[in-house]
Amino acid sequence: KPAPGSDGVRCSICFEDVQSASVERCCAGDGGKVHGFHPECLARWVAECHRQGIPPTCPDCRGRIIPVPEDCFFDSCAD
C-alpha cells in the first residue's frame, strides 16, 4: 500500500513509492496497465538489459518502455 502523502505509484524495481511527477519513462501499457519507475531504477534496469544483450522492456509486464505521455495519469492505473 502506498505511503501517506504519496500519489499511489510504486516503483516495482525498488518497491518504494515514487511521485508520478518524477517518472520520466514508463511502459506503454501494452499489458493493460501503465507501470512507472524511479528514473535511476529504470536506468539501472535498462543498462542491465543492454549488458545481457536483450531489449529493455518493462520489468512488470515486458511491455515497451516509452517517455511518459502528457495525458498519463498513474493514479488511475496504480495498484
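**View 1. The whole chain, with one helix and four strands.** In this predicted model, the elements follow the order β-β-β-α-β from the N terminus on, where helices (H or I, at least four residues) and strands (E, at least two) are DSSP runs, numbered from the N terminus. Of the 79 residues in the chain, 28% are buried; buried means under 20% relative accessible area, exposed over 50%, and partly exposed in between, with a 1.4 Å probe and protein chains only. The chain exposes about 5,000 Å², of which carbon and sulfur atoms supply 54%, the areas coming from the Shrake-Rupley method with a 1.4 Å probe, and for residues only the protein chains shown count as cover. Among the contacts in the chain with a separation of 6 or more, 49% are made by residues 24 or more positions apart, a contact being heavy atoms within 4.5 Å. Residues are numbered from 1 along each chain as its sequence is written, and side-chain values use heavy atoms, with hydrogens and water left out. Because the model is predicted, local features need pLDDT of at least 70 and side-chain atom pairs count only at pLDDT 80 or more, while totals for chains, interfaces and linings use all residues.

**View 2. The two ends of the chain and their pLDDT.** The mean pLDDT of the chain is 77, and 76% of its residues reach 70 or more, pLDDT being the predictor's confidence in each residue, from 0 to 100. Over residues 1–5 the pLDDT is below 50, and this stretch has seven contacts in the model beyond near neighbours in sequence. Over residues 75–79 the pLDDT likewise stays under 50, and here the model has six contacts beyond four places in sequence. Where pLDDT is low, the predicted coordinates should not be read in detail.

**View 3. Helix α1 and its buried side.** Helix α1 has 13 residues and reaches 18 Å from its first C-alpha to its last, close to the 18 Å expected at 1.5 Å a residue; the expected span is 1.5 Å times one less than the number of residues. Within α1, the residues Cys41, Leu42 and Cys49 are buried. These residues lie on the same side of α1, because they cover an arc of only 95 degrees around the axis, the arc being that of the directions from the helix axis to the C-beta atoms. The buried residues of α1 pack against β3 (25–27) and β4, whereas the face turned away from the buried side carries the exposed residues Arg44, His50 and Arg51.

**View 4. Val46 and the residue just after the helix.** Val46 has its place in helix α1 and, leaving aside its neighbours within four places in sequence, is in contact with Pro56 and Ile65. Val46 and Cys58 are 12 residues apart in sequence, and their C-alpha atoms are 9.2 Å apart in space. Just after α1, Gly53 takes a positive phi of about 75 degrees.

**View 5. Cys61 and the cysteines around it.** Cys61 lies in the loop between α1 (39–51) and β4 (65–67), and with a relative accessible area of 28% this residue is partly exposed. Not counting residues up to four places away in sequence, Cys61 touches Cys27 and His35; the C-alpha atoms of Cys61 and Val34, which are 27 residues apart along the chain, are separated by 9.1 Å. The structure holds zero disulfides, a disulfide being a pair of cysteine sulfur atoms within 2.5 Å. Cys27 is in no disulfide, and the nearest cysteine sulfur to it, that of Cys61, is 3.8 Å away; at 1% relative accessibility, Cys27 counts as buried. Cys61 is also in no disulfide, its nearest cysteine sulfur being that of Cys58, 3.8 Å away.

**View 6. Two loop residues, Phe15 and Arg62, with positive phi.** Phe15 is found in the loop between β1 (9–10) and β2 (17–18), and although Phe15 is not a glycine, its phi is positive, at about 65 degrees. Phe15 is exposed, with a relative accessible area of 58%. Arg62 is found in the loop between α1 and β4, and its phi is near 65 degrees, a positive value in a residue other than glycine. Arg62 is partly exposed, with a relative accessible area of 49%.
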